Amino acid sequence: MSSQCTDKSRKHGESLYNLSGQIGGDADLSPRGQQYAKLLPDLVAGSAGDLPLTVWTSTLKRTAQTARYLPYEKLSWKALDELDSGVCDGLTYADIEQQYPQDFKARDEDKYNYRYLGGESYRDVVIRLEPIIMELERSENILIVTHQAVLRCIYAYFMGSDQKQSPWMEVPLHCLIKLTPRAYGTQEERMFADVPAVSTWREKGSKAVHADSNSVQPSPMISAEVKPA
Ligand code: F6P
């Protein structure tokens, strides 16, 4: 990866669909998601100082609403939209298990390659992210506000981790992940805003009700580590 690109990736604030456990869609932020959006400028400034950031969002409302108070230039990319869940768009995991039991099982068995009927797989998302990755490689100080599946793919690329494992990675809401290139790898820092949110993570085999997460940290910075590229 470029030695100049500092990429801050964050998931959008909690949305109304996150609260109801529905996937996909184009929902507005929940009241807690809106609260998070208001705190973002300070959280970002605390990490980036006076750096002139550029904010990239998807074309979906929840990312634009999350970025709305950030005082930087903004660009929205269709390629940053959430993985298209096709016929399952708007359903909960429990609905999918009930209405498409074979698909639910097949996705758990090979989540990276499974393509939703009329939608996308993680593999498809990795391919459509190629222009974004190329642009990130030659840019610096980019703040990306995007979605769970997309963030997993971008993260795996820059951290050099296995793309096939990335669909199971936990990406908390209301958390800023800062990736900085270093001589021997990529440094990662995670900063949490003190605003609770549901967890949208689902473990293999589970129907995952989106309950409140316990991972909100009182301290804004919970980890900083360097992984070899
Ligand atoms: O639940 C939030 C969400 O962004 C959904 O819109 C999306 O389908 C899902 O996460 C992707 O995560 P997973 O691949 O684990 O289902």
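Here is a friendly walk through this structure, from the overall fold to its ligand and a few local details. Please keep in mind that the model is predicted.

Let's begin with the whole protein. The chain contains 8 helices and 7 strands. Of its 229 residues, 56% are buried. Among contacts with a separation of 6 or more, 67% join residues that are 24 or more positions apart. The accessible surface amounts to about 10,500 Å², and carbon and sulfur atoms contribute 51% of it.

Next comes the ligand. Residues around the ligand include Asn-18, Ile-23, Gly-24, Gln-148, Thr-200 and His-210. Glu-82, Tyr-122 and Arg-152 also belong to these surroundings, and each of them is worth a look. In the side chain of Glu-82, an N or O atom is 2.5 Å from an oxygen atom of the ligand. For Tyr-122, a polar side-chain atom comes to 2.6 Å from a ligand oxygen. Arg-152 has a polar side-chain atom 2.9 Å from an oxygen atom of the ligand. How much of the ligand's 390 Å², exposed when it is taken alone, does the protein bury? The protein buries 99% of that area.

Two other residues around the ligand, Lys-111 and Tyr-93, lead us on to charges and rings. Lys-111 is placed over the face of Trp-168, 4.2 Å from the ring centre. Tyr-93 takes the ring role in its own case: the charged end of Arg-202 sits over the Tyr-93 ring, at 4.9 Å from the centre.

Rings also meet rings here. A pair of aromatic rings is described by the distance of the centres and the angle of the planes. With ring centres required to lie within 6.5 Å, the model has 3 aromatic pairs. One of them joins Tyr-114 and Tyr-116 edge-to-face, with 5.5 Å between the centres and 80° between the planes. Tyr-114 is buried because its relative accessible area is 11%, under the 20% cut-off. Tyr-116 is buried as well, with a relative accessibility of 4%. Another edge-to-face pair is made by Tyr-157 and Phe-158, whose centres are 4.9 Å apart and whose planes meet at 90°. Here Tyr-157 is partly exposed at 38% relative accessible area, whereas Phe-158 is buried at 2%.

Tyr-116 also brings us to Asp-84. Where does Asp-84 sit in the fold? Asp-84 is part of the loop that runs between strand S3 (73–76) and helix H4 (93–99). Although Asp-84 and Tyr-116 are 32 residues apart along the chain, their C-alpha atoms are separated by 7.6 Å. Beyond its neighbours within four places in sequence, Asp-84 contacts Tyr-116, Gly-118, Gly-119, Glu-120 and Arg-128. Within its own loop region, a polar atom of the Asp-84 side chain is 2.8 Å from the backbone nitrogen of Gly-86. Asp-84 counts as partly exposed because its relative accessible area is 35%, a value between the 20% and 50% limits.

Finally, have a look at two backbone details. Asn-141 is not a glycine, but it has a positive phi of about 60°. Asn-141 lies in the loop between helix H7 (130–137) and strand S4 (142–146), and it is buried at 10% relative accessible area. His-174, also not a glycine, has a positive phi of about 60°. Its place is the loop between helix H8 (148–159) and strand S5 (175–182). Is His-174 buried or exposed? With 1% relative accessibility, His-174 is buried.

Terms used
Residues numbered from 1 in each chain as written. Predicted model: local features only at pLDDT ≥ 70, side-chain atom pairs only at ≥ 80, totals over all residues. Heavy atoms only, no water. Phe/Tyr/Trp six-rings, centres within 6.5 Å; stacked < 30°, edge-to-face > 60°. Buried < 20%, exposed > 50% of the residue type's maximum accessible area, 1.4 Å probe, protein only. Lys NZ or Arg CZ within 6 Å of the ring centre and 35° of its normal. Helix = DSSP H or I, 4+ residues; strand = E, 2+ residues; numbered from the N terminus. Contact = heavy atoms within 4.5 Å. Polar contact = N/O pair within 3.5 Å; in protein donor to acceptor, adjacent residues only side chain to side chain. Areas by Shrake-Rupley, 256 points an atom, 1.4 Å probe, with all protein chains shown as cover. Near = heavy atom within 4 Å.
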